[in-house]
Structures are given as structure tokens and as C-alpha cells.
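Please report on one helix of this model. Cover what is buried, what is exposed and what lies around it.

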Amino acid sequence: FVVYAIILLGTVLDNLSSASALTLSANIQKQFNTDSSTTSWVLSGYALTLGSFIMVSGKISDVIGPHNLYLIGITIFWISALICACIPHTSIVALIVFRAIQGIGASTLIPSTIALTANYFTGPLQKYLNTAVIYMIVALTATLGLGVVLGGAFSETNVGYKGFFYFVFAYSFVVDVLLVFLIIPINKTDGHNKLKMKNIDFVAAFLVIVGCLLMILGLTEGGEKWRSPKAIAPLIVGFFTAASAVFYEVIYL
């Protein structure tokens, strides 16, 4: 129960970090002296990699074990948070890139948490499974509002948006250290032992990521001028690129 509680404390970071960007964006725009459409990529880059890499994270957890994937993901998360906090105000591109990397780390937390929940609350503890699932859902959803509040609060301080990243770094680092010593490993089944990294469909995942990236680019540019080719072309190409992933999965494979 203690280990599962610590795991949920780490899982809340997924949506907490996503929602915080909504209220941090004005401060980021001011600090980097850039426009709103560029600043929006601090949120979009994170959300894109978080949503896209979940597709492969679930399969990777089957290959290497959900407990290992969780530890790898949260390590990527706090390292990226620390780098985001230390980036100088010379170019916002570096912040966008490391926010996207942070989203990759975040994408591992939800699939591995679901797998850990199913494995921890089995056998004699199965009677607690429904309650554990409810707590997991609350951890993922209730923190959206908290993220908005924290982002706004840190924006009003002298440290600004960097204060939030320092907070997230310290928080996730403590969770990571605790779980390195306390997390309960999951024994693989015979079926899982037969799985290899080559079994993961990286092609479809790549097509979805590129397609979503292009569509977000089109929507971002559309905020400035919808009739611009830079808005229309990425939307069309992105849609068909993402759709080709479905074709590849359902028909070709």
C-alpha cells in the first residue's frame, strides 16, 4: 500500500505538468521576449510526446517490466525538469525541446502505473483493486486543477516559471529515490519473456507522432493566419500521415 501510494504521487506529475503550462505561458513569453504562438509549443511539445509515446510505452513495459519502465520514466522526468529550470533566457527552442523530452518520460508513467496496479492488487489483495483504480483515476484527473493553480502561483513569484520546474524536479527526484529502494518488482510471465523490443510497432508510432506534430503546427500557425499555407499544408499532410498509421496497423500488418 505504501509503495502504491508513492507510485501515485509520481503519476500525478503527468497532468500536473501539462496543466501548469496554461498559466505559466504568459510568464514564459515575457521572460523569453517571444510571441504567444511560439510559447504555446512549451505546452504542445509536452502534450504531443506524452500522448504519442504512450502507444509504445505500454508495450515496452511488457518487455522490460512496468517497475523498470516507471523508474526510467520518472528519472527522465526530473532530469528534464532541472534542465528546463536552468535554461537561460536566450532561446525558447531549448525549453521546448526539453519539455518534449519531459513528455516522453511522462508517457511511461500511466501505462506502467496501470500494469503495477493490476499486478499489486491480485490474489488475496484483489478485493482492493477497485479502490486502487479509483485512487489512480483521482490522481490523474484532480491534479489538472492543481497544476493550473500552481502554475499561476509560481508565475507571480520573483523566480517565475523556473520555480515550478525546480519544484517538479525536487518532487519527482524524491519519488524516484524512494522507489529505487522500495518498488516491488513484477515477475514476467512466459508470454512476456518471449517479447522483444523488435516486436514493438515503431513504424506506426512514428507516423502518428509526425502526423500529430504537423497538425499541431498547422493549428498553431492558424492562430496567426488561417489562410496561410503554413497553416493549411501541415494540417492536411499531418492528417493523412496519422491516418496512414491506421492503414499500416489494420491492413498491412
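The report below goes from the helix to two of its residues and a surface patch.

## Basis

This is a predicted model: local features need pLDDT of at least 70, side-chain atom pairs count only at pLDDT 80 or more, and totals for chains, interfaces and linings use all residues. Residues are numbered from 1 along each chain as its sequence is written, and side-chain values use heavy atoms, with hydrogens and water left out.

## Helix H10

H10 has 22 residues. Helices here are DSSP runs (H or I, at least four residues), numbered from the N terminus. From first C-alpha to last, H10 reaches 32 Å, close to the expected 32 Å. The expected span is 1.5 Å times one less than the number of residues.

The buried residues (under 20% relative accessible area, 1.4 Å probe, protein chains only) include Phe164, Phe165, Val168 and Asp176. Their cover includes helices H1 (2-11), H2 (13-32), H5 (66-86), H6 (92-107) and H9 (143-155).

## Tyr166

Tyr166 sits in H10, residues 161-182. Tyr166 is partly exposed (between 20% and 50%), at a relative accessible area of 36%. Beyond its neighbours within four places in sequence, Tyr166 contacts Leu82, Ala85 and Cys86. Contact means heavy atoms within 4.5 Å. Ile87 is 79 residues from Tyr166 in sequence and 12 Å away in space, C-alpha to C-alpha.

## Phe173 and the patch

Phe173 also lies in H10. Phe173 is partly exposed, with a relative accessible area of 36%. Phe173 belongs to a nonpolar surface patch with Val174, Val177, Leu178, Val180, Phe181 and Leu182. Together they have about 630 Å² of accessible area, by the Shrake-Rupley method with a 1.4 Å probe. Patch residues have over 30% relative accessible area and no salt bridge (Lys or Arg side-chain nitrogen within 4 Å of an Asp or Glu carboxyl oxygen). Nonpolar side chains are joined within 5 Å, like charges within 9 Å.

Note on methods. Helices (H or I, at least four residues) and strands (E, at least two) are DSSP runs, numbered from the N terminus.
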